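The following exercises concern backbone geometry and chain architecture. Please examine the sequence and the structure before reading the solutions.

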Amino acid sequence: MFSNFDFQVIIDALPYLFLQGMVFTLKLTLLAAIFGTIFGTVLALMRLSGVWPLPQIAGAYVNFVRSLPLLLVIFWFFFLVPFIAQKMVGSPRPIPIDPFLTALITFSLFEAVFFSEIMRAGIQSLPKGQVAAGYALGLSYTQVMRRIVLPQAFRNMLPVLLTQTIVLFQDTSLVYVLSLNDFLGIAGKIGQRDGRLTEMYIFAALVYFLISFAASQAVRRLQAHTAIIR
Amino acid sequence: MTTATTTPNSAAKQSSGAPVIQMIGVSKWYTPEFQVLDACSTSVQKGEVVVVCGPSGSGKSTLIKCVNALEPFQQGDIFVEGVQVNDRATNLPKLRSRIGMVFQNFELFPHLTIMENLTLAQRKVLKRGKDEADAKARKLLQRVGLSDQAPKYPGQLSGGQQQRVAIARALAMDPVAMLFDEPTSALDPEMVSEVLDVMVELAREGMTMMVVTHEMGFARKVANRVIFMDKGAIVEDVPTEEFFGSPRSERAQLFLSKILSH
Ligand SMILES: Nc1ncnc2c1ncn2[C@@H]1O[C@H](COP(=O)(O)OP(=O)(O)O)[C@@H](O)[C@H]1O
Ligand SMILES: [Mg+2]
């Protein structure tokens, strides 16, 4: 099977694969991680607020999204949002939405659920006295969260947040079902075009593995480092 | 008042006027079945030092946390300088900023430097400028003997040093009263005195203090009154020399004999 493995097809595709595909994948991963963390932190604060009905709303959102397959959510957004937009502005035909933006919103909303669980654990693991000390000094809820609780929760949870980001990096490959030009999407298209799917998919797998593995190792090193500081 | 050591405070104690802290019949329940505070009443005058002691679980921490509204309570009233703590309309952050609190576990903010620990609330709550806040912090660090620690992080300091920083952090807000919740019980024995020394000095300078502690040496030295709590109730609230003399309640006697035999 590998007797006629064609390396040349990979080499020729490298610029397109990386300069376009990998850039798309990394951009999507990083932006979705940032927005997912921000939205996830809001969800975590809502869940812990104890102010009716915020915990209920956030809890329902988390449970709802967690019980949906990601692929389904991607399809939904991609196919339904143009129709929803059409209804909303009263246009005669569905309004096309930039596919990158669609993907970014989808992943941000979906991953926020996981980031929120991580931030919630991080907030809850802080000693209760930290919050009390902040209040005792006269700081407001917002100031206690912003200056004392969230910086510590974020710092303590950074390794877990990054590990989740690696999962997100792998999950972004699901946008290939929308024929977007992410790394896997481009690898598939070239493989299809040149009849070299084996080469392209093996190469893609190798690249995903190497990046994820290297990133995991880096996170492990960071974890050991922060464990010493604390 | 017979001993010389209590003289500075006894002068302040006699100054009549509204108490800095006044508690009237404070009761608190954690659940309908579990009452943690039972009709506690007491007051602390300006310049007075009141030591609160009693067996573990008797409600001492809960009581002093009610003073700055860190714990809500269901019955009774607390006033700090005439401001009602349990009034919905009270601006709690403002009220809390006027009462310093020192915790058993220091509760310095580990992600901030010592300097930042001392300036954060000065700047965010009192809206002091950076220069003013820094200057205040330096002055207080010097006072607790830790001038050279400003750029370090709490984790780099010993327990005794951290607790002295925590006292300085509370003092930076220019509080009208200080609350201490077992400030030395998490410390290694050799570090207890460095913290008590700072507290004794503070008491002699006339700071109004409510101190939960089992350090009876401290109580004898500077306390005007001792409050003894048991099962959520204030069992004794008497001048210091009376507490260490007799007569007194059986529970307090038993408690004292246990504490002093250690
Ligand atoms: N958040 C809480 N919920 C329920 N019970 C509590 C809570 N905090 C303290 N308690 C209980 O209230 C009692 C008094 O606690 P505390 O004020 O900490 O006592 P002390 O400081 O005198 O040791 C104890 O029995 C303790 O277990
Ligand atoms: Mg206690």
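Three exercises on this predicted model follow, each with a worked solution.

**Exercise 1.** Determine which elements make up chain A and in what order they run.

*Solution.* Step 1: count the elements; chain A has eight helices and zero strands. Step 2: read from the N terminus, which gives the order α-α-α-α-α-α-α-α. Step 3: consider the extent; the C-alpha trace of chain A spans about 70 × 55 × 25 Å along its principal axes. Step 4: turn to burial and contacts. Of the 230 residues in chain A, 43% are buried, and residues 24 or more positions apart supply 75% of the contacts with a separation of 6 or more.

**Exercise 2.** Locate the cis peptide bond that involves A:Pro53 and place this residue in the fold.

*Solution.* Step 1: recall the general expectation that most peptide bonds are trans. Step 2: inspect the bond joining A:Trp52 and A:Pro53, where omega is about 0° and the bond is cis. Step 3: place A:Pro53, which belongs to the loop between helix H1 (7–49) and helix H2 (54–66) of chain A.

**Exercise 3.** Establish where A:Ser179 and B:Ala39 lie, and state the phi value of A:Ser179 and of B:Ala39.

*Solution.* Step 1: recall that most residues other than glycine have a negative phi. Step 2: for A:Ser179, phi is positive, near 55°; this serine sits in the loop between helix H6 (141–171) and helix H7 (183–194) of chain A. Step 3: for B:Ala39, phi is also positive, near 45°, but B:Ala39 is found in strand E2 (residues 35–44) of chain B. Step 4: assess exposure; with a relative accessible area of 48%, B:Ala39 is partly exposed.

Key: Residues are numbered from 1 along each chain as its sequence is written. Chains are lettered from A and ligands numbered from 1 in the order in which they are written. This is a predicted model: local features need pLDDT of at least 70, side-chain atom pairs count only at pLDDT 80 or more; totals for chains, interfaces and linings use all residues. Side-chain values use heavy atoms; hydrogens and water are left out. Helices (H or I, at least four residues) and strands (E, at least two) are DSSP runs, numbered from the N terminus. Buried means under 20% relative accessible area, exposed over 50%, partly exposed in between (1.4 Å probe, protein chains only). Contact means heavy atoms within 4.5 Å.
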